[in-house]
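Visitor: Could you take me closely through the aromatic side chains of this protein and the nonpolar surroundings they belong to? I would like one connected account rather than a list.

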Amino acid sequence: MTGGRDSTCRVWDMRTKTQIFALSGHTNTVAAVLTQPTDPQVITGSHDTTIRLWDLRKGATMATLTYHKKSVRALTAHPTEHTFASGGADNIKKFKLPQGEFLHNMLQQQRAIINSMDVNEDGVMATGGDNGSLWFWDWKSGNSFQQQDSIVQPGSLDSEAGIYALSYDMSGSRLVTCEADKTIKLWKEDEQATPETHPINFKPPKDIRRF
């Protein structure tokens, strides 16, 4: 499946290389496509600020989510829960499937255009911004427990610090990022880190459901 500037998500047959469906309904660039084995099988995020859940059998929209106020550029689904998250310049939001019910916003704002995001089985979500910021979140609470900036390759401009794509490896303990300075970086867990050396001062709000 591919999304493009023609506002359409296209479904292709890999064997015959022919188009099966053209999922149309967005009014601007389709920037993120998420697939899963259960309904909705296709989820798309667009620069028109909406998220669409698709019925692949009918080639029609099941639901349109309008919670974002700015472009939706990244989507990720939890590997074991039936939930997914969307990232935009306004906020990161979490939804429940299959109906797309809004659960809550993440508790902090990265203050960047979120280009990519991924979550592992431990419930640690990583998000990469266009300014090189790399934030780590607790999936359940929505709290960002670690924030850092990527290291730009020597000789690169500061404007080349953006993170365009990221993904966990199969173990879920290493993170791979693709960045604007033409590098691919591999991140691993700090084996020396303990709750004492990296304390998390987090007090959950009384009402986590914030629109």
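Guide: Trp135 and Trp137 are both buried in this predicted model. Their rings form an aromatic pair that counts as tilted, with 5.6 Å from centre to centre and 35 degrees between the planes. In total, the model holds 5 aromatic pairs. Another of these joins Phe84 and Phe95, whose ring centres are 5.2 Å apart and whose planes meet at 20 degrees, so this pair is stacked, planes under 30 degrees apart being counted that way. Phe84 sits in strand β9 (residues 83-88) and Phe95 in strand β10 (residues 92-96), and the pair therefore links parts of the chain that are 11 residues apart. Like the two tryptophans, Phe84 and Phe95 are buried.

The stacked pair also belongs to a wider group, since Tyr67, Phe84, Phe95 and Phe102 form one aromatic cluster. Phe84, Phe95 and Phe102 are in addition members of the largest nonpolar core, which has 12 residues in all and also includes Ala32, Leu34, Ile43, Ile51, Leu53, Leu65, Val72, Leu75 and Leu97. Two or more residues of this core come from each of β4 (30-35), β6 (51-55) and β8 (72-77). Ile43 shows how such residues meet: leaving aside residues up to four places away in sequence, Ile43 touches Ala32, Val33, Leu34, Ile51, Arg52, Leu53, Leu75, Phe84 and Leu97. Apart from this core lies another, made up of 11 residues, among them Ala85, Met106, Ile114 and Met117.

From the packed interior one can turn to the open spaces of the model. The largest pocket has a volume of about 710 Å³, and 22 residues line it, with Phe145, Gln146, Glu189, Asp190 and Ala193 lying nearest its centre. At least two lining residues come from each of β14 (133-138), β15 (144-149) and β18 (184-188), and β15 gives the largest share, 3 residues. Sorted by class, the lining of this largest pocket consists of 10 nonpolar, 7 polar and 5 charged residues.

The second largest pocket holds about 220 Å³ of space, and of its 14 lining residues Val119, Asn120, Glu121, Asp169 and Met170 are the closest to its centre. Here β12 (114-119) and β16 (163-168) each supply at least two residues of the lining, which by class has 5 nonpolar, 5 polar and 4 charged residues.

Notes: Residues are numbered from 1 along each chain as its sequence is written. This is a predicted model: local features need pLDDT of at least 70, side-chain atom pairs count only at pLDDT 80 or more; totals for chains, interfaces and linings use all residues. Side-chain values use heavy atoms; hydrogens and water are left out. On a 1 Å grid over the protein atoms alone, a cavity is a set of points where a 1.4 Å probe fits but cannot get out, and a pocket is an open set with protein on both sides within 12 Å along at least five of seven lines; lining residues have an atom within 4 Å of a point. Grid points are joined across faces, edges and corners, and a volume is the space filled by probe spheres set on the points. Helices (H or I, at least four residues) and strands (E, at least two) are DSSP runs, numbered from the N terminus. Ala, Val, Leu, Ile, Met, Phe, Trp, Tyr, Cys and Pro count as nonpolar, Asp, Glu, Lys and Arg as charged, and the others, Gly among them, as polar. A nonpolar core is a set of buried Ala, Val, Leu, Ile, Met, Phe, Trp, Tyr and Cys residues joined through side-chain atoms within 4.5 Å. Buried means under 20% relative accessible area, exposed over 50%, partly exposed in between (1.4 Å probe, protein chains only). Contact means heavy atoms within 4.5 Å. Rings of Phe, Tyr and Trp (its six-membered ring) pair if their centres lie within 6.5 Å; planes under 30 degrees apart count as stacked, over 60 as edge-to-face and the rest as tilted.
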